[in-house]
Amino acid sequence: MKAANPSSFERTPSADVPPVLEVRGVWKTFGDAVAVESVSFDVADGEFLFLIGPSGCGKTTTLRMIGGYLEPTRGDIYIRGRRMNDVPLEKRNIGMVFQSYALFPHMTVAENVAFGLRMRGVPKRERAERIANVLDLVELSEFADRYPVQLSGGQRQRVAIARVVVYEPDILLLDEPLANLDRRLRDSMRVELKKLQEKVGITTVYVTHDQEEALSMADRIAVMEGGHLLQLGTPSEVYNSPKSPFVATFLGNTSSYQATVSSVDGTFTDLEIDGGLTVRVVNGGDLEPGENCLVSVRPERVALFKASPPEDQNVFRGQIDFLSYLGAGVEYIIRIDGTDVTIRAHEALPAGQPSHREGESVYVAWEPGQTVYLKG
Amino acid sequence: MTVVETDLGGYQKTVVDRLAPYAKYLLLSPMILLMLGFFVIPLLWLLRISFYESRGASGFGIGGAAGQEGGGFYVEGTWTLDNYVRFFTDDYFMSVMMFTIGFALLVTLVTMILAYPMAYYIYRAPPKLKTALILIVILPKLSNMLVLVYGLQMLLANNGLVNELIMLVGVSDEPIKLVYTLFSATVSKVLLVIPYTILVITATLHTLDPSLREASRGLGASPFKTFWLVTFPLSVPGTLIALLITIVWALGAFVSPSLLGNPETQTLRSRFRSRRSRT
Amino acid sequence: MGAVLRKYAWHAFAILMCIYFLAPMVIAVLMSFTPSRFLRLPTDKWSLRWYEAFFNDPKWMESLTNSLVVAGLTIVISLIVGMAAALAFSRFKFKWGTTIYTLALTPVFTPAVIIGMSMLGVAYQTGMWGGHLIIAIAHSLWAFPLVIMVLRVSLDGLDRSIEEAARGMGASPFQVFYLIILPLIGPSVLVGALFAFIISINEFIMALFLGTSETETMPRVIYPTLRYRLTPLVAAASGILMLVTVIGLLASARLMNLRRLVEYNRSQ
């Protein structure tokens, strides 16, 4: 299934420009435990790639192998075409931003930013100029002589980024950089970080477990689980056409059901799910009658009607079981009449008041094209 | 997506890179050399000497005279159990040894009885007091033991503060002889031994999960029951280590009795010393 | 009522213990201020005459010099050995880590007589016997485990990602050590040095076994004087030792939270 409306900022790496980072069949085992299993991907110049997954999925291990903090058990990592496996991390020219920021507490902001330049033997005069520029970029010029303890969380975060951006590393590596900030700051930092990344144009790999972060900032997202790379694609690809049940459920809310194909009819296919309901999907041409698959639909694709639902859609009548108010929207859980099947529906609330109440009878409806199916 | 085969040649490893995998052993090597050369091997050497045939001369000949050619009190390259046989059949040595062991056990007992409650007190003390108490406890261990012993001597002397206090309270009209008694010997030796005992037990108590104590209290146990049924049993392993350290120290310290106790409380080691100084 | 009484008894016990720990030292130091020719507590008058005598006596001054040389060497040896080992223990995993660590601490729990006596052979065979260095090595056996303990608490408290960040920014392992780790654990290194100094300056039995009259340290001069010629001069010497020790300990307490030494969970 193709994304309905690809946004303009989504980029896929083009084949003619060599990728900045290549991860080739990388494994990492700790004793008997496999942390990362045969992971491969490329990151193009200037691309913003997200590694996302639940804790323990191997995303941080992968990031640390790229940075040289861990050595792959098997497989190769190339940065700008150079094999990195034996290269000690201080010679890799990477910029790593830690969740704890890891600012040097005994150095001022300017000294922290100067560190990478000093290590590269940049002359003092040039150093001062570049530090001034980068502090200007992150809007911390007047804090140059402060120590990290004298800064707020958001400011520390910006110093942590400034001090690696300043020496123009080949790749910027971010390990849950926003996890230690409170929600409001996190939202504004997300925007700032994205803008900064675009302004500097630096190739970036970003690890997070926060799907909102990934969906809002990424050029491409790599979803990992249990050491495997499950899917790699643009945010709308992984969100709208997940290739596995895990990806479908991990990114955003979804209602999913086990189903059996009952009839194939040209572009449309009918599937029977538990409770005897029939759901219509758009056939990609790969479904045969009798096959088992998983169908799912995003809550925001499901519309509710008090009466006269549209035709040519999947329509069921049900009762609102539960309503959760989310501020900017409301989520309903509807139980389909005569079954135990429930479905989630999301309603944006521009006017402020939910249009339905708990216990109300409604029609749920969504277009067959919005139904995602996964074979197997 | 093409695999770009543009490996820019192998990375030239520096000396540091080559040594990096061995870093942890390199860092440990000074300690291992020091420990082997000046602790383990010397101890084994001491053990080996005990199996040499004696040359008849008594004493520990190395200091000065033994340095000369052929000097020393043992015959190289010999193996014998004679020294042990002589030791265990010599009434004098045996009596000294029995006394040393008995005295060490007494010191250990007193030390443990005093150390555990003190350690527990430190463990439960508020932070600032805790730091102060640790300083006070560690002071005797780090101070010069002669200063300590002679300070005690002054304190326990017939005209010392303790006797003045005793007479003031009216327990006795005359000063009680405290110096050169088993009492003073014990008091001084315990003071030399107890600091590490207290610190080891305190450290052990700190390894316990404080929530266990809270849970016990929450389940209705009194503070005393909590200590007896939860804290104490959990602190036993560390306390046993403290006990071991205490016994070793109690057997090992040898100067204080010869300074403070009467001749009967001289331990094997101080006996050994005085023999050496005579030869 | 009983509970209150128990509480008072509890505090009283602790106070008595503290008196037990402190009184001998306090008495020893007070004696040194007596104007009398005999060792007794100064009752109405205080005097520094015995300190004057101490600093005017070439024999005592020589022993002070010897003590300082040995203490200086002890600091160097125990810091090198202890710092390297502390780095190894806190930054690397060893198969028998806990066992090796416990073994490394055994010398500090070994009585001085045993160390002193057993080292005679090595001292003699290497020709180091009677020198400052061999005494310092013996003292280091007591000092380096303390350096390891102090530094390990401090090293384990450092955020590891700070070092990783420095490496990622291009610093070599050595640069990370002297630009990042050393400045951050500086106070603890100083505490380790102070502990080594205090141990060495006060230690007497090993110095007795391994030194000669050429390398007599202060405690070695105190010992016979104490046995045969009890004058307040000894008290002055003791007073100086105590002064150095107490100042060293208080400085350590300022530099580092000594509580962490016992609060630190070895099993982590």
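1. Strands β1 (residues 21-30) and β2 of chain A run antiparallel and are joined by 7 bridges. One partnership in detail: A:Thr29 has A:Val34 of β2(A) as its bridge partner. Note that this is a predicted model.

2. The β1-β2 pairing belongs to an open sheet of 4 strands in chain A, ordered β2-β1-β4-β5. The pairing in this sheet is antiparallel. Its edge strands are β2 (33-43) and β5 (82-83), each of which pairs on one side only.

3. What lies across this sheet? Helix α1 (residues 59-67) of chain A lies across β1, β2 and β4 (74-79) of that chain. The helix runs at about 120° to β1(A).

4. Turn to the nonpolar packing. The largest core counts 235 residues. A:Leu21, A:Phe115, B:Met31 and B:Ile198 have the most contacts inside it. Helix α6 (residues 132-157) of chain C is the main contributor, giving 16 residues to this core.

5. A:Phe115 deserves a look. Leaving aside residues up to four places away in sequence, A:Phe115 touches A:Phe104 and A:Met107 in chain A. From chain C, A:Phe115 touches C:Ala166, C:Met169, C:Ala171, C:Leu179 and C:Ile180. A second core, separate from the largest, has 28 residues. Among them are A:Ile273, A:Val302, A:Val330 and A:Val341.

6. Aromatic pairs number 29 over all chains. Take A:Phe246 and A:Phe250: ring centres are 5.4 Å apart and planes meet at 15°, so this pair is stacked. Both residues lie in helix α8 (residues 245-250) of chain A, 4 residues apart, or about one turn of the helix. A:Phe250 is buried, at 18% relative accessible area.

7. Is the pair B:Phe227 and B:Phe232 stacked or tilted? The centres are 6.0 Å apart and the planes stand at 45°, so the pair is tilted. B:Phe227 is buried, with 17% relative accessibility. B:Phe232, at 29%, is partly exposed.

8. B:Phe227 and B:Phe232 also belong to one aromatic cluster. Its other members are B:Tyr116, B:Tyr120, B:Tyr121, B:Tyr123, B:Trp228 and C:Trp10. The cluster therefore draws on chains B and C, because C:Trp10 is part of it.

9. Two arginines sit over tyrosine rings. A:Arg298 lies over the face of A:Tyr239, 3.8 Å from the ring centre. In chain C, the charged end of C:Arg152 sits over the ring of C:Tyr101, at 4.4 Å from its centre.

How values were computed:
Residues are numbered from 1 along each chain as its sequence is written. Chains are lettered from A and ligands numbered from 1 in the order in which they are written. This is a predicted model: local features need pLDDT of at least 70, side-chain atom pairs count only at pLDDT 80 or more; totals for chains, interfaces and linings use all residues. Side-chain values use heavy atoms; hydrogens and water are left out. A nonpolar core is a set of buried Ala, Val, Leu, Ile, Met, Phe, Trp, Tyr and Cys residues joined through side-chain atoms within 4.5 Å. Buried means under 20% relative accessible area, exposed over 50%, partly exposed in between (1.4 Å probe, protein chains only). Helices (H or I, at least four residues) and strands (E, at least two) are DSSP runs, numbered from the N terminus. Contact means heavy atoms within 4.5 Å. Two strands pair if DSSP finds at least two bridges between them. Axes are lines fitted to C-alpha atoms, for helices over the stretch in contact, and angles run from 0 to 180 degrees between N-to-C directions. Rings of Phe, Tyr and Trp (its six-membered ring) pair if their centres lie within 6.5 Å; planes under 30 degrees apart count as stacked, over 60 as edge-to-face and the rest as tilted. A charge sits over a ring if NZ of Lys or CZ of Arg is within 6 Å of the ring centre and within 35 degrees of the ring normal.
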